[in-house]
Amino acid sequence: MIKPTFRDRIMIVCIYIFLILLGFVTFYPFWNSLVISFNSGQDTMLGGVTFWPRDFTLENYQIVFQDKRLLNAFLISVLRTVIGTFLSVLVTALLAYGLSKKELIGRKFFMIFCLLTMFFSGGLIPTFLLVRGIGLMDSFWAMIIPTLVLVWNMIIFRTFFQQLPKGLEESAKIDGCGNWQIFFRIVLPLSGPVIATLSLFTAVFHWNDWFFPSIYISSENLIPIQTLLRQVLNSNTVTSQMSQLDAGALAHMSNVAKVTGKSLSMATMMVATIPIILVYPFVQKHFVKGVLIGSLKE
Amino acid sequence: MGVKSEIITSDIKANKKKSFIKRYFGQFDLQMMVIPGLLFIFIFNYIPMYGVIMAFQDYDIFEGMMGSSWAGLEHFKMFFSDPRFLEIMRNTFVISGLKILICFPAPIMLALMLNEVKNMAFKRTVQTITYLPHFLSWVIVAGFTMSILSTDNGSLNIVLEKIGLIDGSISFLAIPEYFWTIIVSTNLWKSIGFASIVYIAAIAGVDQQLYEAAALDGASRFKQIFLITIPSIMPIIVIFFILEVGNLLNAGFEDLLILGDSAILRSVSDVIDTYVYRVGIGSGRYSYATAIGLFKALISVGLLTLANYIARRNGNSLW
C-alpha cells in the first residue's frame, strides 16, 4: 500500500466535509418540516423552530386526521397506488415476456411500435382530448388506464427475462406447460428483485402524481392526496388554507385555536410522505440494480 | 420445366401462408400476452399522435377532428408573433441550460467523491439520504421549498438574519430575480443522489489494475481521478449528455407549475410546456396549444439527432 500524499489527505478531508454538508442540506428540509408538524402552530409563529420541537403537540395531526376530505383523499391515493401498480406491472410484464420470446410472430414490429413512443408523443392536449373523448373524464380509471403500459419498465422487464436461464422453461414446456403457466409459475417467481424495483417505481409514480388528477378529475371525493395538498399549498394565505378544511375539522379547530395554516400544511405533507419513507428502505437494495439494468443494457 | 417450377413455388407460397396462420394460432397463448399491452399503447400513444393533426385545424369541440375546419399553419404563425414568444423561449433555454450546467455535472462529482470514501457505513448513509428526495413528489418538495424560504420564520431567513446578512425577512418566492436560482437548486436537491447511481456503478467497473499501475508510477489519488476514473467513465457521461441535450426543451413542468405559479413570476417561470398547459387546458385553445407542443416536439427530435451526430464523430453514439 502506497502512502497517501499530503494533498490526497486534504482532498479526503474536504470530501468528507462536503458530503456531510450535502447530507445535512438534503435531510434538513424534511426534518424541519417534521419538527414543525409536531410543534404547536402558535409557537412556530414565534420563530426559531429548527431542529427540535419546542412546544411538542399532536394537535396538528389530530386535526388533519379529522379532516374527512383529507382521509378520503388518502384512501383514494392508496387505492390508486395499489390497483394502478398491480395492473400496470402485470400488463407490462406480460408484454415484456411475450416480446422476450424469439419465436413471437411480429416481434420486431412490436418492439419498434413500443420504442417509437419514447421518441414521439402526441403531447398533452391530444391525450387530454382522447381521455375526455372515451368518457374517462372524472372517473377513478382516468388515473390508471392512460399510463397502464410504461415502455421504459417493459424494456427493463424484457432485458431481465432474456437473461433468465432457458433450461427451466424448456423442461416445463416438455412437461406440457403453456406459456401462461410458465410465466406465472416459473418466470415470475424468479423475477422477485425486478418486480420489486419496478413495482416501487410505478407505485411512487402513482402515489406522487398530482397532475393528471388535476386535469382529469373534478369530483372532490375522487381527488388523491397529492392533488389536494397542492390545492392547500397553493392557497397562500392562512384563511384560504383553513377554508380547504371541512366543517368538522374547522369546528374542532376553533376549540383548539393553536394551530396555524403552516403547521397544518406540514402535518398534511408528512401524512402524504410517510408511506414512501416506510417502503423505501426495504426496496433500496433492489432499485440500484433496476436502474442499472435499464440504463446500461440498452 | 417453367410450369413445373411455377407450381412448386405457388405450392410453397400456399404452404407458407397456411403455416403463418397455423403458426400464429399455434402460439396464440403467447400472442394473447402481448395484445393487451400493445392495445393500450395504440390507444394512449398512437391515437394522440394522430390527434396532432388538429394543430393544423381550428378544432371545434362539438365537431371533433372530422368536422373541424382547416387552418394551415395559422396557429404556428400566431405563436411566433405572440408577444410572449421570445420570453417563453428565453425561459425555456435559460432554465434548461442552467439545469444542464449544474444538475448534470453534480451527480458525476458526487459519484467521484463517494468513490474516495473508504468508510462503507458513511458512504451508505450519504447514499440513502441523497437518494430519498427522488422519491418525493414535486408537491412535497415545493412545500419544503416554500417552508424553508418563507418569510414566516423560514429557516433561510432565520439564518441570514442571524449572521446579519439581511435586516428583514425576504420573500424569496415573490421576487423574479431569485426564481431561476431557486428552481435550479431545488432540482439539484431532488436529483443529485439518484442520478449518481449510474456513475457510481460505472466507476465500480473500472479496472483496478489501472489504479495500481498509476500508483506505482507515483500518481496521487487526486491525479488518478483525472487520469483514470474520468476518462474511463467518459462514454457513459457522453451518452447521458446526449440525452440531456435532446431534452433541452423539457425545461421542467411540475416544478415550474407549482413554484412558479403566480402572476409576478410568470415572466421568468413560463416555459413551452407550462404555456401549452395554461393555454390548452386552462383557456381551452386546443389547436393553438397542440401547435406549440408539436413545434417543440419537432425541435426536440432535431436536437437529439444533432447531438448524436456530434457524439458519433467523437466515437460515442446513442444509435
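1. In this predicted model, B:Arg84 is partly exposed, with a relative accessible area of 22%, and its partner deserves to be read alongside. B:Glu87 forms a salt bridge with B:Arg84, the closest N and O atoms being 2.9 Å apart, and B:Glu87 likewise counts as partly exposed, at 26% relative accessibility. Since the lower limit of the partly exposed class is 20%, a reader who prefers another cut-off may wish to keep the values of 22% for B:Arg84 and 26% for B:Glu87 in view beside the class name.

2. A second pair in chain B is that of B:Arg266 and B:Asp261, whose side chains meet in a salt bridge at 2.8 Å, N to O. B:Arg266 is partly exposed at 24% relative accessibility, and B:Asp261 is partly exposed with a relative accessible area of 28%. Elsewhere, salt bridges that share partners join B:Arg84, B:Glu87, B:Asp270 and B:Arg278 into one network, so that the pair of B:Glu87 and B:Arg84 described above belongs to this group by the shared-partner rule.

3. B:Asp261 also takes part in the contact between the chains, for its side chain meets that of A:Arg230 in a salt bridge at 3.7 Å, N to O. The count between chain B and chain A is one salt bridge, whereas 17 residue pairs, with both residues at pLDDT 80 or more, are in polar contact between these two chains. Helix H2 of chain B, residues 28-51, gives the most to the side of chain B that touches chain A, with 20 residues. The residues on that side of chain B divide into 62 nonpolar, 19 polar and eight charged.

4. What is the extent of the interface, in residues in contact and in area buried, between chain B and chain A? In residues, 89 of chain B are in contact with 95 of chain A; in area, the two chains bury about 7,900 Å² between them, with 77% of it on carbon and sulfur atoms. Of the area that chain B buries against chain A, B:Met33, B:Phe44 and B:Phe135 supply 10%, more than any other three residues.

5. In chain A, the side chains of A:Arg69 and A:Glu220 meet in a salt bridge at 3.4 Å, N to O. This pair links distant parts of the chain, 151 residues apart, with A:Arg69 in helix H4 (residues 68-100) and A:Glu220 in the loop between helix H11 (211-216) and helix H12 (225-234). A:Glu220 is exposed, with a relative accessible area of 53%. Over all chains, the count comes to twelve salt bridges.

6. Helix H15 of chain B, residues 272-282, is largely enclosed by the rest of the structure, because nine of its eleven residues are buried. The buried residues of H15(B) are B:Ile272, B:Asp273, B:Thr274, B:Tyr275, B:Val276, B:Tyr277, B:Val279, B:Gly280 and B:Ile281. Just after H15(B), B:Gly284 takes a positive phi of about 70°.

7. On the cysteines, a search of the whole structure finds zero disulfides over all chains. Two cysteines of chain A may be noted for their accessibility: A:Cys14 counts as partly exposed at 44% relative accessibility, and A:Cys177 counts as partly exposed at 24%.

Notes:
Residues are numbered from 1 along each chain as its sequence is written. Chains are lettered from A and ligands numbered from 1 in the order in which they are written. Side-chain values use heavy atoms; hydrogens and water are left out. Contact means heavy atoms within 4.5 Å. Buried area is the accessible area (1.4 Å probe) that two parts lose on being put together, summed over both. A salt bridge is a side-chain nitrogen of Lys or Arg within 4 Å of a carboxyl oxygen of Asp or Glu. A polar contact is a pair of N or O atoms within 3.5 Å; within protein, one must be able to donate a hydrogen and the other to accept it, and residues adjacent in sequence count only if both atoms are side-chain atoms. Helices (H or I, at least four residues) and strands (E, at least two) are DSSP runs, numbered from the N terminus. Ala, Val, Leu, Ile, Met, Phe, Trp, Tyr, Cys and Pro count as nonpolar, Asp, Glu, Lys and Arg as charged, and the others, Gly among them, as polar. Buried means under 20% relative accessible area, exposed over 50%, partly exposed in between (1.4 Å probe, protein chains only). A disulfide is a pair of cysteine sulfur atoms within 2.5 Å.
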